[in-house]
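Hi everyone, thanks for making time for this. Have the model open in front of you, and please follow along as I go.

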Amino acid sequence: MYYRLSGVHHNRYESARALWPVPADRTIVILLLLLALAAPLYLSDLYLGSYVLPWVIWSAAALSLTLLMGLAGQLHFGFAAVMAIGAYAAIHMVRAGVPFEIALLAAGIVAAVIGTVFGAAALRVKGLYLVMATLAMQYLVDWVIVNVPAISGGAHATLRTPEVRFLFMPIESLASRYWLALGWVVLMTLFFLNVKRTSFGRALVAIRDKDFAAAVIGVDPFRYKLMAFFTSSFMGGVTGAILAFCYYRAVTPEQFGFNVSIQLVAMVLVGGLGSVIGSYLGAGFVLLAPIVLTNAIAALAGAGWVPVSQNFISHLPLMIYGAMIIGFLLFEPLGLAKIYDNIRKYFLVWPFRHARS
């Protein structure tokens with residue numbers, strides 16, 4: 001079998017500390033990246049624009065929140081408001097004549113500054129009290145967007161994104177918008193994989209496990225909590241701008257409501273806290289599982305295999321979806337990433353029955 005640790009010898013620290021020390025892992029990552037890059041060539045516009053593109057963008061959003069919740073252990077139930085700030089800031093700056101590249105960075109900075117102000121509550125409170133602080137941010141941002149016409153145009157207004165160019169290339173076709181979103185999520189993935197190996201990432205993990213103990217060994221909770229909120233909010237703001245320009249093409253206040261924040265938290269929890277692959281799996285599950293279940297139930301009902309009322313059929317996918325989430329939390333609290341890791345370790349030692357602990 002190709003997927004083996006046998007024969008993999010590390011005689012340098014650089015090779016032992018590589019992101020993918022197993023050759024099979026590197027091969028899988030390269031193949032997945034090539035498939036992702038070539039997706040516009042073999043996927044129809046329907047599948048690319050309705051399934052793959054939103055999955056890529058929401059995976060980036062889940063990665064942004066994972067940095068805060070998974071590494072730093074800081075709960076955030078208002079992350080959709082952070083993305084809304086980035087989306088509206090980018091649109092208004094592009095309309096004012098700012099180049100799209102600078103508008104993306106500026107949108108991230110605006111979201112980071114505002115997110116850090118509300119995240120400062122984490123310096124004094126934690127747990128459910130921090131949840132209430134982030135909820136206050138969500139509702140306050142929602143109220144400002146709806147009631148300040150200069151931002152959104154009104155409660156029921158739709159703000160269309162202008163035509164833009166990225167690195168002198170027009171971002172109009174579906175393929176170009178997909179490649180921009182893919183480039184951003186790949187950049188975030190590399191950042192997340194490397195940040196856990198830095199002193200910043202280790203300090204966040206120490207604060208997550210026990211902030212008092214971290215302070216004793218010299219980690220400043222005040223500084224690193226603010227840095228965690230700033231970094232996560234910056235990435236969330238840029239992701240919100242990319243979501244607006246690459247997927248929605250027009251934004252309304254309803255697109256960044258409280259239910260979106262709950263979905264983001266569900267992506268992180270179902271995928272696995274602090275896991276990169278978990279962010280992808282969690283985003284795919286939360287976004288695509290209801291669609292797949294709805295189509296499957298509709299097909300079974302059309303074939304006469306589900307002899308129930310149409311009203312029950314319309315609610316059955318959501319019931320199964322909720323039961324699946326409960327099942328994940330009961331039988332594998334560490335999320336889909338742990339299930340993937342168990343399968344990976346099984347193949348590392350197959351056909352033997354033992355596995356590495």
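Leu-33 sits in helix α2. Is Leu-33 buried or exposed, or something in between? With a relative accessible area of 38%, Leu-33 is partly exposed, because that value falls between the 20% limit for buried and the 50% limit for exposed. I should say right away that we are looking at a predicted model.

Leu-33 has company at the surface. Together with Ile-30, Leu-31, Leu-34, Leu-37 and Trp-179, Leu-33 makes a nonpolar surface patch of about 570 Å². Which element gives the largest share of that patch? That would be helix α2, residues 23–37, which contributes 5 residues. If you like to think in helix geometry, remember that an α-helix has 3.6 residues a turn, so residues three or four places apart point the same way.

Let's stay on α2 a moment longer and turn to charges. How many salt bridges does a search of the whole structure find? The search gives 5. One of them joins Asp-25 to Arg-344, and the closest N and O atoms of this pair are 2.7 Å apart. Asp-25 belongs to helix α2 and Arg-344 to helix α16, residues 336–349, so this salt bridge ties together parts that are 319 residues apart in sequence. Asp-25 and Arg-344 are both buried. So please keep both pictures of α2 in mind: the helix supplies 5 residues to the nonpolar patch, and it also holds Asp-25, a buried partner in a salt bridge.

Another buried pair is Asp-211 with Lys-225, whose side chains meet in a salt bridge at 3.6 Å, N to O. Here the link runs between helix α11, residues 211–216, which holds Asp-211, and helix α12, which holds Lys-225; the two residues are 14 apart. Both Asp-211 and Lys-225 are buried.

Right beside Lys-225 in the numbering, have a look at Arg-223 and Tyr-224. Where does the charged end of Arg-223 sit? You will find it over the ring of Tyr-224, 5.2 Å from the ring centre.

Now for Arg-249, which I enjoyed looking at. Arg-249 is placed in the loop between α12 (221–248) and β4 (250–251). Its phi is positive, near 65 degrees, in a residue other than glycine. Arg-249 also forms a salt bridge with Glu-172, with 3.1 Å between the closest N and O atoms. Glu-172 lies in the loop between β3 and α9 (174–195), and Arg-249 in the loop between α12 and β4, so this pair ties together parts that are 77 residues apart in sequence. How accessible are the two partners? Arg-249 counts as partly exposed at 22% relative accessibility, and Glu-172 is partly exposed too, at 30%.

There is a further positive phi to show you, at Phe-168. Phi of Phe-168 is near 70 degrees, again in a residue other than glycine. Phe-168 lies in the loop between β2 (165–166) and β3 (169–170). At 77% relative accessibility, Phe-168 counts as exposed, because the cut-off for exposed is over 50%.

On to the aromatic rings. The structure holds 7 aromatic pairs. One that I'd like you to find is Phe-100 with Phe-245: the ring centres are 4.9 Å apart and the planes stand at 55 degrees, so the pair is tilted. Phe-100 is in helix α6, residues 100–119, while Phe-245 is in helix α12, so the pair ties together parts that are 145 residues apart in sequence. Both of these phenylalanines are buried. Phe-166 joins Phe-100 and Phe-245 in one aromatic cluster.

Next comes helix α5, residues 79–95. At 1.5 Å a residue, its 17 residues should span 24 Å, and the end C-alpha atoms are 25 Å apart, which agrees. Why do I call α5 largely enclosed by the rest of the structure? Because 15 of its 17 residues are buried. After α5 comes Gly-97, with a positive phi near 100 degrees.

My last stop is Leu-281, in helix α14, residues 276–302. At 30% relative accessibility, Leu-281 counts as partly exposed. Leu-281 and Tyr-47 are 234 residues apart along the chain, and their C-alpha atoms are separated by 18 Å.

That's my tour. Thank you all for listening, and I'm happy to talk it over.

Key: Residues are numbered from 1 along each chain as its sequence is written. This is a predicted model: local features need pLDDT of at least 70, side-chain atom pairs count only at pLDDT 80 or more; totals for chains, interfaces and linings use all residues. Side-chain values use heavy atoms; hydrogens and water are left out. Helices (H or I, at least four residues) and strands (E, at least two) are DSSP runs, numbered from the N terminus. Buried means under 20% relative accessible area, exposed over 50%, partly exposed in between (1.4 Å probe, protein chains only). Patches are made of residues with over 30% relative accessible area and no salt bridge: like charges are joined within 9 Å, nonpolar side chains (Val, Leu, Ile, Met, Phe, Trp, Tyr) within 5 Å. Accessible areas come from the Shrake-Rupley method with a 1.4 Å probe; for residues, only the protein chains shown count as cover. A salt bridge is a side-chain nitrogen of Lys or Arg within 4 Å of a carboxyl oxygen of Asp or Glu. Rings of Phe, Tyr and Trp (its six-membered ring) pair if their centres lie within 6.5 Å; planes under 30 degrees apart count as stacked, over 60 as edge-to-face and the rest as tilted. A charge sits over a ring if NZ of Lys or CZ of Arg is within 6 Å of the ring centre and within 35 degrees of the ring normal. The expected span of a helix is 1.5 Å times one less than its number of residues.
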